[in-house]
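Hi,

Here is the structure I said I would pass on. Have a look at it first, and my notes follow underneath.

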Amino acid sequence: MKIAISNSLNPINWLPRISVMDWYITKELIGPFLFGVGLFTSVAVTVGALFELVRRVTESGLPYGAALEIFLLQIPYFVVLAFPMSMLLATLMAYSRMSSDSELIALRSCGVSVYRLILPAVIMSLIVAGFTFGLQELVVPAASYRATVTLDRALKREKPIFQDRNIIYTEFRKPEKGGDETLARFFYAEQFDGQRMKGLTIIDRSTPGLNQIVSSESATWNPSENTWDFFNGTAYIVAPDGSYRNIVRFQHQQLQLPRTPLDLAARVRDFKEMNIAQAVERLDIIKNSGDEPQIRKLKVRIQEKYAFPFVCMVFGLVGAALGTQPRRSGRGTSFGISVVVIFAYYVFSFITSSMGVKAVLTPILSAWLPIIFGWGIGGLLLVRAASR
């Protein structure tokens with residue numbers, strides 16, 4: 001006995017159906033995309049990593065095994081950089097080939113619009129953008145940090161997990177009635193062994209009308225009371241007119257200072273060795289330091305991490321719009337156009353990034369302006385292609 005299953009109850013019918021045209025265009029895109037990933041990754045790895053590793057092997061005695069491990073660990077970083085460029089090359093090559101073979105003309109004569117033709121490219125670029133973000137957050141920071149640690153260990157220059165010298169922390173305050181920021185605290189430690197800071201000088205101007213300078217042999221953070229314990233030092237109380245009000249020598253004294261100097265002493269990863277969560281955590285630490293250039297630079301870099309995956313969508317849209325233009329061109333022409341577009345985009349991106357670091361643009365605008373501009377150019381090219 002056969003039981004008929006209603007189409008409304010068949011779960012497969014709920015899935016979106018992909019037309020033959022979409023499958024065909026997608027297959028045309030995948031080949032050039034994989035080719036682009038291999039090509040751009042190979043070039044970037046050779047220029048950005050291989051030459052330097054060969055130099056270290058020959059000049060610094062880096063073992064071959066460590067060099068190979070470092071080389072493999074650096075590949076994910078360059079693969080992520082290659083994804084947007086590969087998306088541009090794939091869309092240009094696929095749509096240009098279809099245009100030169102008059103396939104796009106045939107499809108448009110059947111009533112298929114240019115907007116519908118580039119839909120597979122847009123969807124594919126969105127998928128690649130998601131994959132780029134995943135690699136950028138989960139794989140690249142860990143692999144890059146492991147590569148750095150492996151290199152330091154192989155060259156016998158392994159660094160401690162903390163900054164062992166010259167820990168400097170500054171804290172600023174804004175006047176209640178407005179005006180420029182003024183120094184509230186200055187903290188300097190000559191050495192740090194992971195537990196105890198030595199050779200300290202602290203200038204405390206946080207209390208109006210009361211300034212003090214503390215010079216101490218050593219200090220440790222007291223987590224139970226959230227204070228600093230200073231040992232064997234001298235406190236100089238300074239009057240507002242600059243004269244000494246009092247001098248106090250002590251064996252042990254507690255000072256209510258933030259633990260930020262201890263956090264700053266932690267070993268700082270390079271930006272590409274941090275994901276967004278780690279970068280935001282680092283930003284929270286340095287916000288109290290008052291180092292505005294460093295704070296602003298980190299804000300810009302965080303926004304750039306958010307924006308970078310969307311470059312895949314920009315290049316996918318621009319490549320598809322350029323590829324649908326009627327022309328007779330081969331792969332060489334597509335590759336040449338890709339190089340020009342990539343160069344123009346990244347030059348513009350570098351300029352806006354520098355403007356963000358210099359406070360000419362806000363961090364959000366400096367990171368997202370190239371994306372917005374790229375989408376605008378892609379949209380104009382698409383409208384122009386559709387009007388033909």
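I'll start with a residue from the middle of my notes: E304 has a relative accessibility of 23%, so it counts as partly exposed. Bear in mind for this and everything below that the model is a predicted one.

E304 is worth pulling up because its side chain meets that of R301 in a salt bridge, at 3.3 Å from N to O. Both residues belong to helix α8, which covers residues 292-307, and they sit three residues apart, so about one helical turn separates them. R301 is partly exposed too, with a relative accessible area of 23%. If you skip its neighbours within four places in sequence, R301 is in contact with F271, S353 and V357. There is also a pairing along the chain to look at here: R301 and S366 are 65 residues apart, yet their C-alpha atoms are separated by 9.8 Å.

Now the overall picture. The protein chain comes to eleven helices and six strands. It has 388 residues, and buried ones make up 41% of them. Take the contacts between residues at least 6 apart in sequence: 65% of these join residues at least 24 apart.

Next, a helix pair. Helix α1 (residues 20-59) packs against helix α5 (residues 119-154) at an angle of about 20°, and their axes are 13 Å apart. An angle under 35 degrees counts as roughly parallel, so that is the label for α1 and α5. Their crossing is right-handed. If you want to select the residues that make the contact, here they are:

- from α1: D22, I25, T26, L29, I30, F33 and R56
- from α5: P120, A121, M124, V128 and L151

Sorted by class, that contact has nine nonpolar residues, one polar and two charged.

R56 from that list turns up again among the salt bridges, of which the structure holds ten. As a general point, side chains of opposite charge can pair when their charged atoms come close. R56 pairs with E52, and the closest N and O atoms of the two are 3.2 Å apart. They are four residues apart in helix α1, which means a separation of about one helical turn. Is R56 buried or exposed? Its relative accessibility is 16%, and buried means under 20%, so R56 counts as buried. E52, on the other hand, is partly exposed, with a relative accessible area of 30%.

The salt bridge between D204 and R185 links distant parts of the chain. Here the closest N and O atoms are 3.7 Å apart. D204 is in strand β3 (residues 197-207) and R185 is in strand β2 (residues 182-192), with their positions 19 residues apart in the numbering. What about burial? D204 counts as buried at 12% relative accessibility, and R185 counts as buried at 14%.

There is a network as well: salt bridges link E28, R97, D101 and E103.

Last item, the backbone. Most residues other than glycine have a negative phi, so I made a note of two that go the other way. Which residues are they, and where do they sit?

- S102 has a positive phi, near 65°, and is not a glycine. Its place is in the loop between α2 (64-100) and α3 (103-109). S102 is partly exposed, with a relative accessible area of 30%.
- A359 is not a glycine either, but its phi is positive at about 70°. You'll find A359 in the loop between α10 (331-357) and α11 (363-386). A359 is partly exposed as well, at a relative accessible area of 45%.

If you only have time for a quick look, I'd bring up three places: the right-handed crossing of α1 and α5, the salt bridge between D204 and R185, and R301 with its contacts F271, S353 and V357.

Cheers

Terms used:
Residues numbered from 1 in each chain as written. Predicted model: local features only at pLDDT ≥ 70, side-chain atom pairs only at ≥ 80, totals over all residues. Heavy atoms only, no water. Axes fitted to C-alpha atoms, helices over the stretch in contact; angles between N-to-C directions. Helix = DSSP H or I, 4+ residues; strand = E, 2+ residues; numbered from the N terminus. Parallel < 35°, antiparallel > 145°, perpendicular 65-115°, else oblique. Left-handed = near helix turned anticlockwise from the far one by under 90°. Contact = heavy atoms within 4.5 Å. Nonpolar A, V, L, I, M, F, W, Y, C, P; charged D, E, K, R; others polar. Salt bridge = Lys/Arg side-chain N within 4 Å of Asp/Glu carboxyl O. Buried < 20%, exposed > 50% of the residue type's maximum accessible area, 1.4 Å probe, protein only.
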